[in-house]
Amino acid sequence: MIPPEQSAEFVSNMEDVLEIYHLPYDSKVRVICMDEQPIQLVKETRIPLQALPGQPESVDYEYERNGRANIFMFTEPLSGWRKTVVSERRTAVDWATEIKHLQGQRLSR
């Protein structure tokens, strides 16, 4: 939620960002979008029962928590390039490490 006292500044900054997305593709000036998503890892605790004629497979939705992970996603929408990295943690150091790797790579489709 955007606090009302900051909404004008936020909208102005967002308009600047959105203008960049409307620029034509230029391989010398890459527009890379970055996002991250923490996920919970789970494993099944029961083996699904095979489907029988006329009946679907029976799956029990009980699960066991099996840790956590983080997904970093980098994409250049205008060229179709993307890169996904799964890490054990989601810290500022992990993010900075991925940005450093990204800067050192030749972005190719």
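**Close-up views of a predicted model**

**View 1. Here is the open sheet, with three strands in the order β1-β2-β3 and antiparallel pairing.** The strands at the edges are β1 (33–44) and β3 (81–87); each has a single partner strand, so one side of each is left without a neighbour in the sheet. Direction ignored, neighbouring strands of this sheet are turned by 25 degrees against each other on average. Keep in mind, in this view and the ones below, that the model is predicted.

**View 2. Now we look at how β1 and β2 pair up: they run antiparallel.** Eleven bridges join the two strands. To pick out one spot along this pairing, look for Met-34, whose bridge partner in β2 is Phe-74.

**View 3. On to strand β2 (residues 63–76) and its antiparallel pairing with β3.** How many bridges hold this pairing of β2 and β3? There are seven. A few facing residues help you find your way along it. Thr-75 sits opposite Arg-82 in β3, Met-73 sits opposite Thr-84, and Asn-70 sits opposite Ser-87. The hairpin of β2 and β3 has four residues between the strands, and Gly-80 takes a positive phi near 85 degrees there.

**View 4. This one follows the side chains along β3, which alternate between two faces.** In a regular strand, that is how side chains go: they alternate between the two faces of the sheet. Which residues of β3 point to the buried face? They are Trp-81, Lys-83, Val-85 and Ser-87. Arg-82, Thr-84 and Val-86 point to the other face and are not buried.

**View 5. Here we zoom in on Ser-87, found in strand β3.** Ser-87 has a relative accessible area of 15%, and because buried means under 20%, this residue counts as buried. The side chain of Ser-87 reaches the backbone oxygen of Arg-89 at 2.7 Å. Leaving aside residues up to four places away in sequence, Ser-87 touches Ala-69, Asn-70 and Phe-72.

**View 6. Helix α2 packs on the sheet, touching β1, β2 and β3.** The direction of α2 makes about 40 degrees with that of β2. The helix covers residues 92–104, and Asp-94 is one of them.

**View 7. A closer look at Asp-94, a residue of helix α2.** Is Asp-94 buried or exposed? Asp-94 is buried, because its relative accessible area is 12% and the cut-off for buried is under 20%. Its side chain makes a polar contact with the side chain of Arg-89 (2.9 Å). Not counting residues up to four places away in sequence, Asp-94 touches Phe-72 and Arg-89. You have met both of these residues already in the view of Ser-87: that residue touches Phe-72, and its side chain reaches the backbone oxygen of Arg-89.

**View 8. Last comes the cavity, with a volume of about 40 Å³.** Rolling a probe the size of a water molecule over the atoms shows where empty space is left. A search of the whole structure finds one cavity of 30 Å³ or more. What lines the largest cavity? The lining is made up of Pro-24, Tyr-25, Asp-26, Val-29, Arg-30, Val-31, Glu-76 and Leu-78.

Methods
Residues are numbered from 1 along each chain as its sequence is written. This is a predicted model: local features need pLDDT of at least 70, side-chain atom pairs count only at pLDDT 80 or more; totals for chains, interfaces and linings use all residues. Side-chain values use heavy atoms; hydrogens and water are left out. Buried means under 20% relative accessible area, exposed over 50%, partly exposed in between (1.4 Å probe, protein chains only). A polar contact is a pair of N or O atoms within 3.5 Å; within protein, one must be able to donate a hydrogen and the other to accept it, and residues adjacent in sequence count only if both atoms are side-chain atoms. Contact means heavy atoms within 4.5 Å. Two strands pair if DSSP finds at least two bridges between them. Axes are lines fitted to C-alpha atoms, for helices over the stretch in contact, and angles run from 0 to 180 degrees between N-to-C directions. On a 1 Å grid over the protein atoms alone, a cavity is a set of points where a 1.4 Å probe fits but cannot get out, and a pocket is an open set with protein on both sides within 12 Å along at least five of seven lines; lining residues have an atom within 4 Å of a point. Grid points are joined across faces, edges and corners, and a volume is the space filled by probe spheres set on the points.
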